[in-house]
Structure formats: structure tokens, C-alpha cells
Amino acid sequence: MTVDPNAATQGFPTPSPAHGRPHPARYLVPALVAAAVALALGAYGKVHDPAGTAFNLAGFSSTGAVKSWLATAAFAFALVQVVSALMVYGRLPGPGWSGALHRWSGRAAFLVSVPVAVHCLYALGYQTYETRVLWHSLLGCFFFGAFSAKMLLLRSERLPSWLLPIVGGLVFAVFTIVWLTSALWFFRTFGVTT
Amino acid sequence: MKRPGPLLTLLAGLVLGLFLLTLNATTGTKPASSSYQSPKPYQSPKPSASPSPTPTSTPSPAPSPSATPIPDADYAGRTDDDSAAIAVTLRDGRAIAYFCDGRAEEAWLKGPVAEDGTLRLTGKNGARLDGTLKEGKQIRGTVDVGGAHHSFTADRAKKPSGLYRATATVRGATIDGGWIVLKDGSQVGILTRDGKPSPAPRIDPETGTVTVDGQQLTARPATP
């Protein structure tokens with residue numbers, strides 16, 4: 001993957017005072033994309049006939065265990081995200097490479113969570129038969145929408161300084177609930193197995 | 001100037017997701033798809049896995065080596081065409097089997113188990129199952145339900161996978177639900193309300209609880 005090593009994660013170029021308010025598309029496009037992603041995932045999960053089975057990884061007893069471990073890895077990366085974001089914003093003392101750490105741990109977390117989401121949507125679908133499952137389905141779809149919005153917001157400059165931390169915090173909070181309602185539940189129900 | 005990094009991240013995730021989806025879809029339709037589950041007979045140690053034993057865990061009576069009766073056991077698996085699940089429970093030389101496609105077609109079958117491990121089970125509407133027990137590890141055979149003929153393989157199942165059934169009356173409707181919990185944790189079940197089948201809500205395989213039309217029921221391991 002090609003990455004601009006000089007890409008800034010903070011300290012947006014000071015807005016030129018000539019223009020007043022940024023164009024509303026700056027917020028609208030990410031918000032609309034987020035809604036479209038979340039709705040598309042939910043609709044696929046609802047309409048698609050859950051297959052029940054899917055690909056398994058060697059060395060694991062069940063797809064549930066595979067998913068729980070992948071999700072837990074993603075959650076660990078998400079914790080790194082919070083810490084490195086605090087470093088980037090100067091709230092914690094951090095090294096100069098904390099920006100790179102933030103970018104790459106985020107990518108790792110996202111890419112690790114994709115197979116889990118694919119299995120969820122392909123094999124299980126959007127389900128509402130109990131509270132835990134309802135929240136997991138709802139927020140799981142919401143998470144990928146919110147994450148898409150976060151990624152797209154990163155591309156625009158001259159955002160209000162509070163926006164990215166708020167959206168990033170939201171993404172982390174939602175992911176935490178998604179993890180609590182799935183992987184933690186799995187480990188508590190079936191034991192910490194591989 | 002736009003930064004390409006975030007967009008590339010999103011695209012990479014999308015490509016990975018689509019790749020996995022096609023992988024799932026293509027392997028899912030192959031008749032051999034169930035084979036990737038069978039090589040491992042679920043031997044992984046699960047020390048703290050099921051601390052609460054559920055009703056059926058009848059400790060299999062120490063088999064006397066001379067008589068070699070058919071050991072009590074549960075078996076669960078899928079048809080070779082992957083269109084339906086099948087589970088068989090053996091108790092005291094008798095068997096109950098459940099065939100279920102998770103949508104509309106289901107059948108309960110019963111019958112004796114011969115000394116040599118041959119099963120000939122029958123059910124309503126001409127449903128029929130012929131199978132052979134292979135060294136207590138696996139049942140292979142064929143099942144005829146609703147005019148369709150399927151071959152199947154059911155591996156020895158360990159809790160919480162196996163066969164569950166719940167019958168009750170909820171708001172005046174007679175409910176009859178059957179569930180097959182497979183070893184990967186997935187479930188295939190049908191809930192019949194006054195004779196009308198529909199996909200069943202998931203049960204909690206640890207406790208057997210399931211919520212049907214707002215009422216909580218308990219599905220119990222099915223026995224002959």
C-alpha cells in the first residue's frame with residue numbers, strides 16, 4: 001500500500017482567512033457515505049439468506065473462536081488508536097512517530113475486522129432475536145459507516161478542530177460495544193478457546 | 001491537496017471484504033464444502049467450556065467389551081449438497097433424527113439401531129433415513145424428505161452442538177421447534193406454528209432458552 005509519509009494527522013494548514021465557512025459538502029459527503037455504508041450492510045444482512053457456514057481457519061475449533069480472536073486483535077489495535085491519538089494531539093507525551101503508529105494501527109484494526117464482518121453478514125445476517133444480538137447487528141453496521149466517515153473526513157482540510165476527535169471517539173466507542181456484545185460474550189459463554 | 005491514505009485504507013478493506021465474500025460464496029456451493037469441517041473431530045480441549053452440564057449429559061455407561069452395544073451419542077452434520085442439516089441422537093439402541101433446511105422443510109424420524117450400526121428410521125409423510133454408524137465417529141447415509149433425496153454425513157457431536165426440540169403453546173398457537181446446533185456454533189432450525197413452518201429464532205445452546213413471539217421457552221436435547 002502506498003502511503004504518503006509526510007501526510008499530516010494534525011495541525012491542518014491554518015485556514016486562509018479569506019474564505020469564511022467551509023463548504024457544507026465537506027460534512028455532507030462523509031455523512032451520506034456513512035449512512036449509505038451502514039444501510040447497505042444492514043440491508044445485505046437482512047435480505048441475504050444466512051448461509052450458516054462459511055470459511056474456517058485451520059487451527060481453530062470454530063468460526064466463532066476465529067472471529068472472537070480476530071475481533072480481540074482489532075480491539076487491541078483500537079486501544080493503541082486511542083493512546084496514539086492522545087499523543088498526536090499532545091495530551092500524552094509521545095514519540096515523533098506516534099502519527100505513523102496511529103495510521104498503521106488503525107489500518108491493521110480495520111483490515112482485521114473486515115473478515116469478521118464478512119462472516120457475520122454472510123453466515124449469520126442481521127438478526128434481532130435478543131437484545132445483545134440486536135445491538136450487535138445495529139452497531140456493527142453503524143461502525144463501518146462511522147469508520148468510512150472518519151476516513152473521508154481525514155481527507156478534507158480546515159475542519160473544526162473538535163470534529164475528528166469526536167468522530168474518532170465515536171468510532172472507538174461503537175467498536176467497543178460491538179466487541180463486548182460478540183467476542184467477550186463468546187469467551188464468557190464458551191470459554192477462552194482457540 | 002487531498003491525502004490518499006484514508007481512501008486507500010477504505011478501498012483495501014472493501015477489496016478484502018469482497019474477496020472473502022466470493023471465497024465464501026464459491027466454497028459454499030461446492031458439494032465438498034462440508035469436508036473442511038470433518039477432518040477435525042473437535043478434539044480441541046475445552047477446559048472451562050461448559051461448566052454447567054445440561055440434562056442430556058448422561059454419562060455413557062461403561063461399555064462392556066464383549067457385548068459392544070451401540071453407544072449413546074449425538075451426531076450432527078449437513079447433507080452433501082449443503083442444503084440442509086441433519087442430526088441423530090442414539091439412546092439405548094434407538095435413534096431419533098431431525099432433518100431441517102432452516103426454512104420450510106423438516107422431518108422428525110425415529111427407529112431402532114441394529115447391532116451392526118445400521119439405522120432405518122421413518123417419519124411422517126414417507127420420510128425415510130438409511131444410515132450406517134462408522135466406528136461410533138460418524139453416520140453416513142441417505143435421507144428422503146419431501147420427495148427429495150440427499151446423502152449426508154453427520155459427525156459425532158459434542159455439547160453444545162446436537163439436536164434440540166421445544167414444544168409449547170404460545171398465545172393459543174401450538175409451537176413445535178427443532179434445532180440442530182452444528183459444531184461451528186451455527187444453528188439450523190424450524191419453528192412450526194399450528195403446522196406452518198418458518199425459520200426458527202436462535203436458541204442459546206448452553207441453556208436451550210429461546211424467545212418465541214415474546215415468550216421464553218426452553219428447548220431440550222431431543223431423545224428417542
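**Exercise 1.** In the hairpin of β2(B) and β3(B), which residue takes a positive phi?

The model is predicted: local features need pLDDT of at least 70, side-chain atom pairs count only at pLDDT 80 or more, and totals for chains, interfaces and linings use all residues. Residues are numbered from 1 along each chain as its sequence is written, and chains are lettered from A and ligands numbered from 1 in the order in which they are written.

Solution.
- Locate the strands (DSSP runs of E, at least two residues, numbered from the N terminus): β2 of chain B covers residues 85-91, and β3 of chain B covers 94-100.
- Check the pairing (at least two DSSP bridges between two strands): β2(B) and β3(B) are antiparallel over seven bridges, with B:Ile86 partnered by B:Phe99.
- Two residues lie between the strands, and B:Asp92 has the positive phi, near 55 degrees.

**Exercise 2.** Find what lies on the other side of the hairpin strand β3(B).

Solution.
- Seven bridges join β3(B) to β4 (residues 106-112) of chain B in the antiparallel sense.
- B:Ala97 stands opposite B:Leu109.
- Five residues separate these strands, and B:Gly102 takes a positive phi near 80 degrees.
- Of the seven residues of β3(B), six are buried (20 or more other C-beta atoms within 10 Å of a residue's own, C-beta atoms being placed from the backbone).

**Exercise 3.** State the order and the edges of the five-stranded open sheet of chain B.

Solution.
- The order is β12-β11-β10-β9-β15, with antiparallel pairing.
- The edge strands β12 (196-199) and β15 (220-221) of chain B each pair on one side only.
- Inside the order, β9 (162-170) and β10 (173-181) of chain B share nine bridges, and B:Thr169 has B:Thr174 as its bridge partner.

Definitions and conventions. Helix = DSSP H or I, 4+ residues; strand = E, 2+ residues; numbered from the N terminus. Buried ≥ 20, exposed ≤ 12 C-beta atoms within 10 Å, placed from the backbone.
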